[in-house]
Amino acid sequence: MPTASKDALFTSLDNVAINAKPRSSASFNDENNTRPEHKPHEVFDSDSVPAVKGVPAARPTTKNPQAVEKKRSLIEMDQLDYLLDSFHQFVAGNPEIMPSAQRICQQVLHFIAKPDRQHECEEFCGIWRVEYKELVRFIDKSCNFGLKPRLTYFDDDSTLIVEMPSAVHEAPLVALHTALTCFLENIPFDRQTINANVLSNIEASDSLVPDMRISLQNMRDAGAEVIVPGMAETAFSQHSNALINKLEDAIIENPSLLLVITAVVFENAPYRSPKRGSDTGGLLLRDPSKWSAKNFISETGPPALNAPVVIENHIWCSISSVRFKVWVRGDGPIDIYSDDPNLVADGFLYPQDTMAPVLAMMEKGVNAIRERLISLCKEIDDDVDVDALQDPTIVFRVRKEDITTKIMGAMHETTYHCYSAWYKKASKAAQRTASVTQLGPSRTRKLVITRGLTAGKHHRGKGASS
């Protein structure tokens, strides 16, 4: 994924001229999904050692059904252990996932199940489409203990983007979703013949799940494709590369898109959980149980974009700016690198208010979607009342204050989620430390020596058999 084009687009958010080039073409032919035997794999995960060529993948294991059922029945089952154990069972009889790709898939599952996640987006390289499809099938079947990941796959460089969106991530589009839904509901078209939706986290193509999608469907024609005239994406600024890739692929997959909206949240600093042994950690672990949301959030002040959420001297959420950018279709497909003021507008919601051109461009794009809806109505029924569909009193309107309120509320919600995830991990670590301490120095030393001897015997045994 060329970096130049992505950097250029997002530096334009800081009033720098755009100087970008499109993503390069694929460096290999994936037409028939022909996989080389020794394809290098790399995982970009700041919290783990990258998986690189030459490192053997974990070997799948098989267990009898009784053992699997017994393990699943354990109340205190660790989510990551459960996922990896289930994945080993899944790949044991699955020839579609090559051994060299199994470690990459395990890294994906590790990111999904990680309780104290420091970031919400990660890229994984080296997964072919057939392996991606199998991984999706496994996740849909097995990840039933909480928020499911949002996956985006790119064929040209075999890259998978995994997102675990927070409330702050979702918030900028919530008010927009409400306004669009209300606008469509007010247009008097026949709901029995046209299915119009504004949906979140629904596929716009085989490998793209946008944050929000506007769709139109002809219910009279079973073979008609679903029309996707509009979509919206939101992201934290540090995940801009993933955002640009998604926009590029969305336009390639849906060249008739009429409206694209992005919202980028800039943080004063990326979130970091309290460090082990810190004063904050000690204070939050002194209570025998996790604080309730009410008690925890009450430790800070009323939500405000200009007020970081600080509890026990730790910054849990801090936003420096929120910026929107909007594109509409001209004579050809949307060009996200265009600087034509008739087709693109951007502005700040916070800290300063420069949203006027953004709101105007949103209205222009929504009106184009309305015209596409009317066109579809006429295709189905020549006698449709066009004047009623074009009623000028039916207007699209979204209030900046509503967007701001949603983001402020999400700051508190995200804060408590981060605390809960940190507490789950930190309290387990504290319990393990306390258990080892209770053993006493002599028993701890014996335990360490016994484990060392056992490992040595196991190693020598393996060497003797080879």
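P351 lies in the loop between β12 and α11. This is a predicted model, and in it a cis peptide bond joins Y350 to P351, with omega at about 10 degrees. Y350 closes strand β12, which spans 344-350. Helix α11, on the far side of the loop, covers residues 356-380.

From here, step into the sheet. Six strands form an open sheet in the order β5-β6-β7-β8-β11-β12, and their pairing is mixed. β5 (194-199) and β12 stand at the edges; each has a single partner strand, so one side of each has no neighbour in the sheet. From one strand to the next, the twist averages 10 degrees.

Inside that order, β8 (residues 259-267) pairs with β11 (residues 319-328). The sense is antiparallel, and the pairing runs over nine bridges. V260 stands opposite W327 of β11.

Two helices meet these strands. Helix α8 (residues 240-253) lies across β7 (227-236), β8 and β11. Its direction makes about 175 degrees with β7. Helix α11 also packs on the sheet, touching β5, β6 (212-218), β7, β8, β11 and β12. Relative to β11, α11 runs at about 40 degrees.

M362 belongs to the stretch of α11, residues 356-380. Which residues does M362 contact, leaving aside neighbours within four places in sequence? They are L176, L259, I261, F324, V326, F396 and V398. M362 is also among the residues with the most contacts inside the largest nonpolar core, together with F296, I319, F324, F396 and Y419. That core has 69 residues. Helix α13 (residues 400-465) gives the largest share, 11 residues. Another core lies apart from it, with 24 residues, among them F87, V91, C105 and V108. In soluble globular proteins, nonpolar side chains tend to be buried together.

Now the aromatic rings. The count comes to 14 aromatic pairs. F296 and W316 make one whose ring centres are 5.6 Å apart; the planes stand at 80 degrees, over the 60 degrees required, so the pair is edge-to-face. This pair links distant parts of the chain: F296 is in helix α10 (residues 293-297) and W316 in strand β10 (residues 314-317), 20 residues apart. Both F296 and W316 are buried.

W422 and Y423 also form an edge-to-face pair, at 6.4 Å centre to centre and 65 degrees between the planes. W422 and Y423 are buried too. These two pairs belong to one aromatic cluster, made up of Y271, W291, F296, W316, Y416, Y419, W422 and Y423.

Rings also meet charges. The charged end of R323 sits over the ring of F348, 4.2 Å from its centre. R323 falls within the β11 range, 319-328, and F348 within that of β12, 344-350. The charged end of R191 sits over the ring of F189, at 3.8 Å from the ring centre.

One loop remains. E312 is placed between β9 (309-311) and β10, and N313 is in the loop between β9 and β10 as well. Neither is a glycine, yet phi is positive in each: about 55 degrees for E312, about 65 degrees for N313. Are E312 and N313 buried or exposed? E312 has a relative accessible area of 18%, under the 20% limit, so E312 counts as buried. N313 has 74% relative accessibility, over the 50% limit, and therefore counts as exposed.

Note on methods: Residues are numbered from 1 along each chain as its sequence is written. This is a predicted model: local features need pLDDT of at least 70, side-chain atom pairs count only at pLDDT 80 or more; totals for chains, interfaces and linings use all residues. Side-chain values use heavy atoms; hydrogens and water are left out. Two strands pair if DSSP finds at least two bridges between them. Helices (H or I, at least four residues) and strands (E, at least two) are DSSP runs, numbered from the N terminus. Axes are lines fitted to C-alpha atoms, for helices over the stretch in contact, and angles run from 0 to 180 degrees between N-to-C directions. Contact means heavy atoms within 4.5 Å. Rings of Phe, Tyr and Trp (its six-membered ring) pair if their centres lie within 6.5 Å; planes under 30 degrees apart count as stacked, over 60 as edge-to-face and the rest as tilted. Buried means under 20% relative accessible area, exposed over 50%, partly exposed in between (1.4 Å probe, protein chains only). A charge sits over a ring if NZ of Lys or CZ of Arg is within 6 Å of the ring centre and within 35 degrees of the ring normal. A nonpolar core is a set of buried Ala, Val, Leu, Ile, Met, Phe, Trp, Tyr and Cys residues joined through side-chain atoms within 4.5 Å.
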